[in-house]
Amino acid sequence: MKRALKIAGYTWAVTCIVAVLATFIGNNYFNAKLASATGITISPWFSGGEIVGSIDHGTYKTVIRRPVFDGLIGERKEGFIQIEWQPVTVLPPVIEDRIDFTGDGKEDFAFRLDTTAGTGALTPRNPSVIAIQTLVKVNQGWVARIQLRKVS
Amino acid sequence: MMKEHPPQEKTVEVRQSAGKSFLFALPMMLLTLMMMLGGRIPSDPQQLFVFAVTYLFFNVLFFLMLHTGKTDRYRAIAFITFSLLFVVSFVSHMFEARGSMSLSHEKIILCEVPFCHLVIPMTLIPAAFTKTIIFPGMITGGFASIASMFVIWIGASLSMGRGWCSWGCFFGGLDDAFSRILKKPLLRKINPRWTYLPWAVLLAIVLTAAAFLSPTYCTWLCPFKTVTEFQAVTSFKILVQTIIFVSLFIALVIVLPLLTKRRIQCSLFCPFGPMQALTNRINVFDVRIDPDICTNCKRCVKACPTLSITEESVRAGRTLMSCMKCGTCVDVCPSGAAAFHVRGTPVEENRNMKRLLFLYVAFLFLATFSAGMIQDGLSRIIRLITTGSMI
């Protein structure tokens with residue numbers, strides 16, 4: 001038994017050298033495998049959630065992501081929705097959009113974005129829409145996160 | 001009962017002749033050459049020079065480790081150099097890419113924040129429940145992607161266990177450096193209860209991260225943001241966070257290591273350490289103290305920079321689970337009782353071979369992982385000297 005343990009110990013120790021080599025030589029392969037095998041993604045609290053719709057305005061488009069309320073288990077009371085304005089050619093100085101994220105045919109909020117001043121104004125039409133959480137210029141476009149609260 | 005008698009000549013000689021050391025260093029020379037080159041020789045003369053300096057630096061240190069029998073002395077040189085040049089390289093990259101060290105909202109929204117191993121403990125529970133990573137980084141591709149850091153962490157855990165904290169962590173060298181500045185500690189007594197603090201920090205951040213689905217340690221506590229990247233102060237909340245992490249950096253990475261000669265951040269605060277102590281269970285290397293040749297001089301207890309050796313643990317012939325395998329105890333032990341060990345093998349047998357096996361693993365990891373950052377850091381310094389700018 002002692003001899004078997006000894007052989008196992010030394011074999012394991014030598015295998016560690018191979019593990020170090022594999023870690024670095026195979027890093028690209030292993031990290032791609034790890035990502036695909038686990039199917040892991042970035043939390044919607046950071047990525048903004050999946051895209052559920054877009055509105056084509058000709059020179060630019062409005063991208064609407066799904067409302068994010070995800071909790072560890074179940075959903076939270078507070079969340080946000082991310083709206084993006086991406087230029088196809090160029091963004092106009094002022095953008096006015098009416099967003100229906102619930103899909104009930106009624107406008108949930110209106111958003112006025114002044115792209116030159118970098119300011120936004122939110123007009124809630126739905127009691128679950130609270131306020132502008134973030135408004136950031138990203139690459140050539142703009143991203144806004146609107147704070148939401150679940151209304152029972 | 002252990003005998004108490006004055007220090008004597010090392011019972012176990014770990015020093016090697018120059019010829020033998022060179023022979024044992026040869027495989028490391030070949031492996032580091034292969035790993036550092038990555039299949040191509042640098043064409044630019046400056047890059048070639050930096051490569052040669054880095055290659056020589058590592059291999060001379062490894063040769064000296066074998067020749068002198070000292071582990072920690074030369075490990076620390078490589079480890080501290082790695083940390084310092086990592087900071088130079090990282091910060092230069094940040095200035096190059098963003099014009100400052102501050103992290104903009106844009107980078108967070110785009111999920112382009114470099115991922116580091118300290119986030120890993122916080123991501124595990126949310127990943128298990130939601131199949132998502134609570135960090136604004138990239139899963140694959142780009143600089144310091146999440147999946148690549150996970151692969152490095154798994155590789156480090158399998159090969160070195162908690163040895164990561166002394167051989168792989170690019171932050172650890174900073175408090176290691178400050179703990180070595182003074183010859184004698186000004187603060188000697190540290191209540192051993194403090195060693196439970198990292199476990200408390202780990203538990204707190206894991207629970208809060210799961211509850212808020214946010215990397216709470218990164219947001220509120222990580223002292224190393226001071227020397228890497230931090231969120232631009234745009235609100236009172238971010239100002240408070242900034243004050244906290246800068247204060248922690250000054251206290252835990254600079255002042256306390258300086259005063260105590262211990263790695264305070266690594267051993268008394270970092271939550272990644274306790275997690276590595278758990279993954280260390282599957283690692284084959286540890287440090288043992290042979291009670292038959294221990295003279296009970298307690299030098300290892302006094303010298304251990306991570307408070308991982310107590311009188312009780314010496315009696316038990318082991319280090320505590322916080323041991324980072326830095327080799328300080330092995331270096332200071334006058335009788336050679338403290339030694340690197342391979343689990344499953346008798347403590348007293350083949351000590352030199354076990355040390356060599358551990359050094360091959362740990363040093364190869366350190367050299368491979370750090371070489372790119374050391375080379376980039378050196379290139380930046382050369383650029384600073386020749387052009388007046390690092391970027």
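In this predicted model, chain A and chain B bury about 4,000 Å² between them, and 77% of that area lies on carbon and sulfur atoms. Buried area here is the accessible area (1.4 Å probe) that two parts lose on being put together, summed over both. The size of an interface is often given in just this way, as the accessible area lost when the parts come together. On the side of chain A, Tyr10(A), Phe46(A) and Leu72(A) supply 18% of the area buried against chain B, more than any other three residues. Counted by contact (heavy atoms within 4.5 Å), the interface joins 45 residues of chain A to 58 residues of chain B.

A few words on conventions help in following the names. Residues are numbered from 1 along each chain as its sequence is written, and chains are lettered from A and ligands numbered from 1 in the order in which they are written. Local features need pLDDT of at least 70, side-chain atom pairs count only at pLDDT 80 or more, totals for chains, interfaces and linings use all residues, and side-chain values use heavy atoms, with hydrogens and water left out.

What holds charged partners across the two chains can be listed briefly. The rule finds one salt bridge across the interface of chain A and chain B, a salt bridge being a side-chain nitrogen of Lys or Arg within 4 Å of a carboxyl oxygen of Asp or Glu. The partners are Lys6(A) and Glu349(B), with 3.1 Å from N to O. Nine residue pairs across this interface are in polar contact, both residues at pLDDT 80 or more. A polar contact is a pair of N or O atoms within 3.5 Å; within protein, one must be able to donate a hydrogen and the other to accept it, and residues adjacent in sequence count only if both atoms are side-chain atoms.

Several elements of chain A give two or more residues to the side that touches chain B, among them α1 (2–25), α2 (27–38) and β5 (75–87). Helices (H or I, at least four residues) and strands (E, at least two) are DSSP runs, numbered from the N terminus. With 16 residues, α1(A) gives the most to this side. By class, the side of chain A that touches chain B has 26 nonpolar, 13 polar and six charged residues. In this count Ala, Val, Leu, Ile, Met, Phe, Trp, Tyr, Cys and Pro are nonpolar, Asp, Glu, Lys and Arg are charged, and the others, Gly among them, are polar.

The two chains also share strand pairing, a term used if DSSP finds at least two bridges between two strands. Here β1(A) and strand β2 (residues 132–133) of chain B pair in the parallel sense over two bridges, and Ile42(A) stands opposite Ile133(B). Within chain A, β9(A) and β10(A) pair in the antiparallel sense over eight bridges, with Leu135(A) opposite Ala144(A). These two strands form a hairpin with two residues between them, and Asn139(A) in the turn has a positive phi of about 50°. Most residues other than glycine have a negative phi. Leu307(B) has a positive phi too, near 55°, and sits in the loop between α14 (299–303) and α15 (311–316) of chain B.

Turning to domains, whose bounds come from an automatic or database domain assignment, chain A is given domain 1 (2–38) and domain 2 (44–149). Their centres, taken over C-alpha atoms, are separated by 46 Å. Chain B is given domain 1 (15–91 + 350–378), domain 2 (101–283) and domain 3 (285–349). Between the centres of domain 1 and domain 3 of chain B there are 25 Å, again taken over C-alpha atoms.

Domain 1 and domain 3 of chain B bury about 1,400 Å² between them, 56% of it on carbon and sulfur atoms. In domain 1 of chain B, Arg351(B), Lys354(B) and Phe358(B) lose the most area to domain 3, together 55% of what that side buries. Arg351(B) also forms a salt bridge with Asp290(B), the closest N and O atoms being 3.5 Å apart. Twelve residue pairs across this domain interface are in polar contact. The side of domain 1 that touches domain 3 draws two or more residues from each of α3 (72–98) and α17 (351–387) of chain B, and α17(B) gives the most, with six residues. By class, this side divides into three nonpolar, three polar and seven charged residues.
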